[in-house]
Structures are given as structure tokens and as C-alpha cells.
Amino acid sequence: METTGIVRRQTAERISDALERLVTERDVWVSTAHPDHGPHQVPLWFLWDGRAVWMCTSAASVTARNVRKEPRVRLSLPDTFDVVLLQGEAECFPDQEVPGGAAEAFADKFGWDPRVEESSFLYVRVAPRTVRAWRGEPELRGRVIMRDGMWLE
């Protein structure tokens, strides 16, 4: 792996960079698992509300089925050089029961409101318990920037 030019960031800078990406990125890879059917991974649009990631998927999707059975999930932003991995438990909201502020913010970000669609959708909220961030091998040490839901100092 080529690591020339990588400057190891301190924890505060990693947190700041990760938060900026959570606000500005559009897609997140969602990894779920079902006890009988195994792992599943899919990209979804997401919204960061400052405390949690909000996603939306068809109520009949594999992702929806999995998080109802096993709420533990992993999320990853789509850049393999500037890695941001989040781990937490999914909280599910049927499209007609989602908090209005979250649904409005999601619709504002994407120009699409799942609540007005003919088919049913499920909003999934994940408040991270653990976040890891690193850029290349020099940053592997110290990659945990959130533990037990608290940003590290």
C-alpha cells in the first residue's frame, strides 16, 4: 500500500473530518444480517441529523426484514481511502410514524418524500455507538474516534 504523503491526523481532526463527511455525503453502505439468511449489504441515501443517521428503504426490502430481526448494523461511507465506519443499532419507523422533522429533512436533502409514495417505506435511524476513521496505514492506530456513543477527546 502506498502511504507516501499521508499525515497522521489527531483524534479531533478525524472527528471533524468524519462529521463533515456525514453532513455532505449522500450514500452510505448498510450492512445487516439475518439469523437464517446471513449477511446483506446495500447502498442507501442517508441524512445525518447531528446525532444519528437516517435512511429509508422499502418496507418489504431485505434490509427492512433484517433490521427488524437483528437491529445491529454497520454503516460505511463509500471512500476506501478516507474510511469512516459506524456501528450501532437500528431503530425502525414506518413511513407514517416517522418523526416529522426527520422526514422533512430527508425530503429536503433528496427532493423525494417516501411518505407520499404508494408503497410502504421504512425509515431506519442509527445512532452510532462506535465510529472508526482512518486514511491509510499510518492512521490505523487510533482509528476509533467514538466509543459507547461518545466522541473521544
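The following exchange covers salt bridges, cysteines and a few single residues in a predicted model.

Biologist: What kind of model is this, and what pLDDT do local features need?
Modeller: This is a predicted model, where side-chain atom pairs count only at pLDDT 80 or more, totals for chains, interfaces and linings use all residues, and local features need pLDDT of at least 70. Residues are numbered from 1 along each chain as its sequence is written, and side-chain values use heavy atoms, with hydrogens and water left out.

Biologist: How many salt bridges does the structure hold?
Modeller: Side chains of opposite charge can pair when their charged atoms come close. A salt bridge here is a side-chain nitrogen of Lys or Arg within 4 Å of a carboxyl oxygen of Asp or Glu. The structure holds 13.

Biologist: Is Arg21, the partner of Glu25 in a salt bridge, buried or exposed?
Modeller: The N to O distance between the side chains of Arg21 and Glu25 is 3.1 Å. Buried means under 20% relative accessible area, exposed over 50%, and partly exposed in between, with a 1.4 Å probe and protein chains only. Glu25, at 21%, is partly exposed. Arg21 has 9% relative accessibility, so Arg21 is buried.

Biologist: Asp82 forms a salt bridge with Arg135; how many residues apart are they?
Modeller: The closest N and O atoms of Asp82 and Arg135 are 3.2 Å apart. The pair links distant parts of the chain, with Asp82 in strand E5 (residues 82-94) and Arg135 in strand E6 (residues 121-135). Strands (E, at least two residues) and helices (H or I, at least four) are DSSP runs, numbered from the N terminus. The separation of Asp82 and Arg135 is 53 residues.

Biologist: Which of these two is buried, Asp82 or Arg135?
Modeller: Arg135 is partly exposed because its relative accessibility is 25%. At 10% relative accessible area, the buried residue is Asp82.

Biologist: Which residues are linked with Arg21 and Asp82 in a network of salt bridges?
Modeller: The network includes Arg21, Glu25, Asp82 and Arg135. Linked with them are Arg9, Arg14, Asp17 and Glu139.

Biologist: Which residue meets Arg129 in a salt bridge?
Modeller: The N to O distance is 4.0 Å. Arg129 lies in strand E6 and its partner in the loop between strand E7 (144-147) and strand E8 (150-151), so the pair ties together parts 19 residues apart in sequence. Arg129 is partly exposed at 44%. The partner is exposed at 53%, and this residue is Asp148.

Biologist: Why is Cys92 not bonded to Cys56, and how far apart are the sulfurs?
Modeller: A disulfide is a pair of cysteine sulfur atoms within 2.5 Å, and the structure holds 0 of them. Cys56 is buried at 7%, whereas Cys92 is partly exposed at 29%. The closest cysteine sulfur to that of Cys92 is in Cys56, too far for a bond because the distance is 11 Å.

Biologist: Which backbone nitrogen does the side chain of Ser61 reach?
Modeller: Ser61 sits in the loop between strand E3 (53-58) and helix H2 (62-69). Ser61 is buried, with 16% relative accessibility. Its side chain comes to 3.0 Å from the backbone nitrogen of Ala64.

Biologist: Leaving aside neighbours within four places in sequence, which residues does Ala102 contact?
Modeller: Ala102 lies in helix H3 (residues 100-110) and is buried at 12%. Contact means heavy atoms within 4.5 Å. The partners of Ala102 are Leu47 and Trp54.

Note on methods. A polar contact is a pair of N or O atoms within 3.5 Å; within protein, one must be able to donate a hydrogen and the other to accept it, and residues adjacent in sequence count only if both atoms are side-chain atoms.
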